[in-house]
Amino acid sequence: MSDMDDWADALAEQEEAEASQIELENLEAEPGDKLVSTGDDKLDGILDIPVSISMEVGRSNITIRNLLQLNQGSVIELDRVAGEALDVLVNGTLIAHGEVVVVNDKFGIRLTDVISQTERIKKLR
């Protein structure tokens with residue numbers, strides 16, 4: 001299978017997941033929850049606002065003394081086990097978990113678990 005086929009398959013999976021996620025979120029909504037509708041003309045103004053997306057492999061706390069001693073080749077132990085899912089953060093807020101993939105010699109991330117829209121809204125409150 002070619003790299004282009006891999007990307008096409010990944011994009012098809014993403015579209016299917018997004019469609020089923022939207023259906024699930026509409027079913028999971030509780031009375032009084034306001035879900036974002038992409039058909040709303042009022043949203044057009046914010047849909048093109050750029051956001052910062054980052055993937056977090058893990059975290060570690062070290063002392064300033066140890067920080068100053070770091071140099072090329074130093075190893076920092078993280079709080080995650082090898083192979084554990086990465087956190088996907090948008091503007092510092094957890095929105096999903098995923099795994100690293102390589103396509104065409106570039107790194108990417110395949111989302112394995114997306115936090116529901118309802119849960120993300122609850123975290124903002």
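Is Ile76 buried, partly exposed or exposed? In this predicted model, Ile76 is partly exposed, at a relative accessible area of 41%. The legends below begin with the whole chain and then turn to close-up views.

**Figure 1. Overview of the protein chain, with its three helices and four strands.** Along the sequence, these elements follow the order α-β-α-β-β-β-α. The protein chain has 125 residues, of which 16% count as buried. Its exposed area is about 10200 Å², and 54% of that area is supplied by carbon and sulfur atoms. Among contacts in the protein chain with a separation of 6 or more, 40% are accounted for by residues 24 or more positions apart.

**Figure 2. Strand 2 (residues 86-90) and its surroundings.** Five of the five residues of strand 2 are buried, so this strand is largely enclosed by the rest of the structure. The side chains of Leu86, Val88 and Val90 point one way from strand 2, whereas Asp87 and Leu89 point the other way. Both sets of residues are buried.

**Figure 3. Pairing of strand 2 with strand 1 and strand 3.** Strand 1 (residues 53-56) pairs with strand 2 in the antiparallel sense, over four bridges. Within this pairing, Ile53 has Val90 of strand 2 as its bridge partner. Strand 3 (residues 93-103) also pairs with strand 2 in the antiparallel sense, here over five bridges. Val90 stands opposite Thr93 of strand 3. Strand 2 and strand 3 form a hairpin that leaves two residues between them. In the turn, Asn91 has a positive phi of about 50°.

**Figure 4. The environment of Asp87 in strand 2.** Asp87 has a relative accessible area of 12% and is therefore buried, the cut-off being under 20%. The side chains of Asp87 and Arg80 are joined by a polar contact of 2.4 Å. Arg80 and Asp87 also form a salt bridge, with their closest N and O atoms 2.4 Å apart. When neighbours within four places in sequence are left aside, the residues in contact with Asp87 are Ser54, Met55, Glu56, Arg80, Leu94, Ala96 and His97.

**Figure 5. The salt bridge between Arg59 and Glu56.** The whole structure contains three salt bridges. In the one shown here, the side chains of Arg59 and Glu56 meet at 2.9 Å, N to O. Arg59 is exposed, with a relative accessible area of 54%. Glu56, by contrast, is buried, with a relative accessible area of 17%.

**Figure 6. The salt bridge between Glu99 and Arg110.** The closest N and O atoms of Glu99 and Arg110 are 3.5 Å apart. Glu99 lies in strand 3 and Arg110 in strand 4 (residues 106-114), so the pair ties together parts that are 11 residues apart in sequence. Glu99 is partly exposed, at 37% relative accessible area. Arg110 is also partly exposed, at 34%.

**Figure 7. A nonpolar patch on the surface that includes Ile76.** The patch is formed by Val57, Ile62, Leu67, Leu70, Ile76 and Leu78. Together these residues have about 490 Å² of accessible area. Ile76 is placed in the loop between helix 2 (64-68) and strand 2. Its relative accessible area of 41% makes Ile76 partly exposed.

How values were computed:
Residues numbered from 1 in each chain as written. Predicted model: local features only at pLDDT ≥ 70, side-chain atom pairs only at ≥ 80, totals over all residues. Heavy atoms only, no water. Buried < 20%, exposed > 50% of the residue type's maximum accessible area, 1.4 Å probe, protein only. Contact = heavy atoms within 4.5 Å. Areas by Shrake-Rupley, 256 points an atom, 1.4 Å probe, with all protein chains shown as cover. Pairing = 2+ DSSP bridges. Polar contact = N/O pair within 3.5 Å; in protein donor to acceptor, adjacent residues only side chain to side chain. Patch = residues over 30% accessible without salt bridge, like charges linked within 9 Å, V, L, I, M, F, W, Y side chains within 5 Å. Salt bridge = Lys/Arg side-chain N within 4 Å of Asp/Glu carboxyl O.
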